[in-house]
Amino acid sequence: MLKIVSPMRVLLISANTETLNMPTLPMGLGCVAAAAHRAGHQVTLLDLMAAADPDAAATGAAKAARPDVIGISIRNIDDQNMARPKFLLDRAKATVAACRKASAAPIVLGGAGYSIYPESALAYTNADMGIQGEGEAAFLALLHRIDTSADLSGLPGLYLKAKGLQGKRRFIRDLNAYPVPGPELISVPEAARKNFWLPFQTRRGCGLKCSYCSTPAIEGGTVRPRSPKEAVKALSCWAAAGFSNVYFVDNTFNLPPAYAEALCKAIRTAGLKITWRCILYPGKVTPSLVEAMKAAGCTEVSLGFESGSDTILRWMNKRFEKEDIRKTSRLLSDAGIRQMGFLLLGGPAETKETVFESLSFVDSLALDALKITLGIRIYPNTALARQAVEEGMITADDDLLFPAFYLKKDLDPWLRETVDPRVGERHTWMY
């Protein structure tokens with residue numbers, strides 16, 4: 001931990017105002033706020049989700065806090081909806097402009113959405129700089145250099161407007177070395193706490209390399225867990241404040257399997273009275289893990305299988321097959337754990353036959369809900385992006401900041417015409 005020369009006034013703003021699937025808390029920005037606060041800086045955190053007038057809220061906070069540095073977190077760039085794409089970066093751009101009017105402090109971008117497009121998002125919003133990836137260590141290092149008027153070149157993960165990357169990004173190896181934000185830092189009205197789903201991450205990184213996924217650009221390819229003991233300690237603070245529902249937002253809750261079981265055991269041993277949901281990878285799910293999840297309070301999972309065709313699963317670089325999905329679904333159903341499935345239709349290997357295969361397959365599962373996506377959002381540096389370039393859908397120099405989607409040409413408009421009636425007939429299916 002860097003020793004601060006003098007405490008700095010730091011204003012951190014979560015620019016997200018979209019609920020998308022559900023309202024959420026800026027826990028990632030909260031981690032940065034908690035680290036800066038523990039280091040001795042004076043931190044103000046503003047969540048624009050609840051603001052009636054986001055621009056006025058940002059302007060007011062910038063005037064009141066008199067910050068030395070302003071950090072703005074970008075959660076999503078768009079809503080990934082091919083039929084009616086909604087570009088969300090304009091909210092962050094407006095927040096930057098509002099802060100500029102009220103303060104001369106340098107403006108630093110960060111967050112999951114920013115990390116996918118560090119240069120183009122910086123240019124679009126007109127902020128001064130940005131940090132790609134997790135910000136706890138990098139932001140503290142940036143504060144130290146600004147405080148001491150030191151040169152910013154070489155700072156890991158830092159992008160400067162019109163100057164690019166200053167130093168290769170680094171990933172935090174030991175998450176236990178940095179604090180988890182508590183309810184005293186991120187406020188939610190007391191009346192809403194019982195029904196609010198608290199997003200909580202116990203590990204970062206994913207090495208699965210699915211062909212379309214942006215996670216490696218955000219968190220890297222190595223799984224780095226927080227110890228079950230520290231995770232439960234942090235969760236206990238939120239539970240004591242009235243948050244009884246938790247959504248584990250780890251990319252794959254069950255990987256590594258030993259860690260997942262240890263976490264479930266720690267939750268149960270601590271007597272933590274929470275109800276929770278998670279994202280489950282359909283491979284490597286065992287009866288003992290499902291039993292441990294149920295005993296620890298799990299009531300629902302998002303089962304991310306994306307296809308019911310082994311041909312498509314292989315193209316997506318999934319490490320499981322249809323029968324693994326079926327087995328996992330049966331285990332969850334027998335345990336009384338609700339399950340939402342996901343189909344991602346229209347990719348490069350898709351055919352009419354594989355579409356029918358997937359639709360038939362999901363009908364055979366004991367799903368409580370199914371979300372279907374037609375067309376796949378193309379993210380930079382993925383196998384899907386390379387395929388789209390080869391097929392002339394995009395160019396090699398397209399930064400993909402504005403939403404571009406892959407939908408196999410011979411399936412358009414047949415795919416929607418085929419899926420629409422089925423969604424209409426099944427009340428648990430949705431787009």
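This passage describes the overall fold of a predicted model, followed by a helix pair, three buried residues and some backbone details.

Taken as a whole, the chain contains 15 helices and 18 strands. Its radius of gyration is 22 Å, close to the 22 Å that the globule rule gives for 431 residues, so the chain is as compact as a globular protein of that length. The C-alpha trace spans about 60 × 55 × 40 Å along its principal axes. Of the 431 residues, 53% are buried. Among contacts with a sequence separation of 6 or more, 73% are made by residues 24 or more positions apart. The surface exposed by the chain comes to about 19000 Å², with 51% of it supplied by carbon and sulfur atoms.

A helix pair offers a convenient place to begin looking at the packing. Two packed helices are described by the angle and the distance between their axes. For helix α2 (residues 54–65) and helix α3 (residues 89–102), the axes come within 8 Å and cross at roughly 35°. The crossing of α2 and α3 is right-handed. On the α2 side, the contact is formed by P54, D55, A58, T59, A62 and K63, which meet R91, A94, T95, A98, C99 and A102 of α3. By class, this contact has 7 nonpolar, 2 polar and 3 charged residues.

Three buried residues, set in a strand, a helix and a loop, can be followed next. V301 belongs to strand β13 (residues 298–306). With a relative accessibility of 1%, V301 is below the 20% cut-off and therefore counts as buried. Leaving out residues up to four places away in sequence, V301 touches C278, L280, M293, L332, I337, R338, Q339 and M340. One of these partners, L332, is 31 residues from V301 along the chain, and the two C-alpha atoms are separated by 8.6 Å.

T328 sits in helix α12 (residues 322–335) and is likewise buried, with a relative accessible area of 1%. Apart from residues up to four places away in sequence, T328 is in contact with L280, P282, V285 and L303. L280 thus appears among the partners of both V301 and T328.

The loop between β9 (203–204) and α7 (215–219) holds S211. This serine is buried, its relative accessible area being 5%. Beyond its neighbours within four places in sequence, S211 contacts W315, M316 and N317, as well as T382, A383 and L384.

The backbone has some details of its own that reward a closer look. A cis peptide bond joins L255 and P256, with omega about -5°. P256 lies in the loop between β11 (245–248) and α9 (257–269). The peptide bond from D412 to P413 is also cis, and its omega is near 10°. Here the proline, P413, is placed in the loop between β17 (405–406) and α15 (414–425).

Positive phi values occur at S149, where phi is about 55°, and at L400, where phi is about 65°; neither S149 nor L400 is a glycine. S149 is found in the loop between α6 (136–147) and β6 (158–160), while L400 is in the loop between α14 (383–390) and β17. Their surroundings contrast: S149 counts as exposed, at 67% relative accessibility, whereas L400 counts as buried, at 2%.

Key:
Residues are numbered from 1 along each chain as its sequence is written. This is a predicted model: local features need pLDDT of at least 70, side-chain atom pairs count only at pLDDT 80 or more; totals for chains, interfaces and linings use all residues. Side-chain values use heavy atoms; hydrogens and water are left out. Axes are lines fitted to C-alpha atoms, for helices over the stretch in contact, and angles run from 0 to 180 degrees between N-to-C directions. Helices (H or I, at least four residues) and strands (E, at least two) are DSSP runs, numbered from the N terminus. A crossing is left-handed if the near helix is turned anticlockwise from the far one by less than a right angle, and right-handed if clockwise. Contact means heavy atoms within 4.5 Å. Ala, Val, Leu, Ile, Met, Phe, Trp, Tyr, Cys and Pro count as nonpolar, Asp, Glu, Lys and Arg as charged, and the others, Gly among them, as polar. Buried means under 20% relative accessible area, exposed over 50%, partly exposed in between (1.4 Å probe, protein chains only). The radius of gyration is taken over C-alpha atoms; the globule rule is 2.2 Å times the number of residues to the power 0.38. Accessible areas come from the Shrake-Rupley method with a 1.4 Å probe; for residues, only the protein chains shown count as cover.
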